[in-house]
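Got the model open in your viewer? Here's a short tour of what to select and what you'll find there.

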Amino acid sequence: MDPEVVLAIINIVLAGMFGAVIGSFTNVCIYRIPEHRTVVKGHSMCMTCGHELGALDLVPIFSWLFLGGKCRYCKTPISSRYIKIESLTALMYMVMAATHLSMFLDPTVEDPMTNIFPFIELCALFIMINVVIVEMMIQHDTGSSMYRMSVALGIDFVIQLAARILAVATDDSISGELCDKLAGWGIEILVGAAIGFVAVVLAVLFANRPKELSKYFHDAKYRGVRTSDVFAIVLCACIGIIPAAVASAVYLIGRIVIGNGKNVKYLGIILAAGAAVGYFANCAIQVI
Ligand SMILES: [Zn+2]
């Protein structure tokens with residue numbers, strides 16, 4: 001096999017393993033933050049029998065598979081949420097590596113900046129997406145969730161802006177006009193937001209009966225759905241046009257299927273999955 005292909009596969013696999021570990025940490029956050037426990041210290045234990053978990057029980061994705069989704073000690077079924085979040089995060093990091101292979105493969109590439117800044121942007125985006133997952137899973141129906149997710153998005157926008165300014169500042173060629181680049185980014189944000197907005201309007205119309213429509217805007221019961229709808233629009237604004245189109249389509253379908261029921265907390269994961277698939281689609285189009 002071509003050594004470049006081998007190296008590419010190794011990089012994608014490593015990124016996937018790293019993503020699975022981040023996903024595992026995401027699960028710890030979802031479980032411990034509502035109990036006001038620290039997420040950096042302390043052993044994990046079975047929620048049913050309280051048995052402390054060993055290293056073999058804590059391998060992301062694989063432990064769940066090999067134990068058949070049950071606790072090794074008391075055989076109580078473990079929620080599939082763990083493996084879902086771990087594998088989703090692993091997938092997202094693999095996409096990130098696959099879209100930035102030239103950076104890993106050839107460090108002497110003529111202009112490393114062309115790869116580094118998009119890479120920083122993607123890292124920021126995926127950290128933000130993990131924040132979405134955590135927030136939606138544990139606090140989907142509270143105002144503080146909206147606040148924290150907005151802060152995460154704000155940080156993401158600032159990093160994107162800084163990456164663009166730095167990319168232009170380190171670019172010697174005349175083509176890198178700051179105004180042009182920022183204007184292009186502005187248009188991308190507006191179009192992405194518009195795509196997300198259309199998806200949310202359709203979702204609200206399809207998921208609510210006409211006479212329930214006013215409830216959507218006023219009833220406290222709908223707060224979780226409203227939070228995720230607003231978040232879907234902002235997410236679409238910051239991921240680029242093609243990923244936004246795919247993510248909003250995935251969100252629209254998930255939103256109509258879930259409706260306004262108790263599974264609203266999974267909308268964050270649906271959004272994140274949509275964004276990951278959108279990046280796949282974007283790469284595929286660029287390769288063609
Ligand atoms: Zn147990």
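**Stop one: a leucine and its neighbours**

Select L271: leaving out residues up to four places away in sequence, it touches S228, F231, A232, L235 and Y251, where contact means heavy atoms within 4.5 Å. Before moving on, note that this is a predicted model, with local features needing pLDDT of at least 70, side-chain atom pairs counting only at pLDDT 80 or more, and totals for chains, interfaces and linings using all residues. Numbering runs from 1 along each chain as its sequence is written, and side-chain values use heavy atoms, with hydrogens and water left out.

**Stop two: the core**

Now add V200, I239, Y251 and L267 to L271: these have the most contacts inside the largest nonpolar core, which has 24 residues. (A nonpolar core is a set of buried Ala, Val, Leu, Ile, Met, Phe, Trp, Tyr and Cys residues joined through side-chain atoms within 4.5 Å; buried means under 20% relative accessible area with a 1.4 Å probe, protein chains only.) Colour α7 (178–207), α9 (223–238), α10 (241–258) and α11 (267–287), the elements giving two or more residues to this core. Helices here are DSSP runs of H or I, at least four residues, numbered from the N terminus. The largest share, seven residues, comes from α9.

**Stop three: α7 against α10**

Show just α7 and α10: their axes, lines fitted to C-alpha atoms over the stretch in contact, come within 9 Å and cross at roughly 10°. The two are therefore roughly parallel, a label for angles under 35 degrees. Zoom in on the contact, where α7 residues including G192, G196 and V200 meet α10 residues including A244, S248 and Y251.

Key:
Buried means under 20% relative accessible area, exposed over 50%, partly exposed in between (1.4 Å probe, protein chains only). Axes are lines fitted to C-alpha atoms, for helices over the stretch in contact, and angles run from 0 to 180 degrees between N-to-C directions. Angles under 35 degrees count as roughly parallel, over 145 as roughly antiparallel, 65 to 115 as roughly perpendicular and the rest as oblique.
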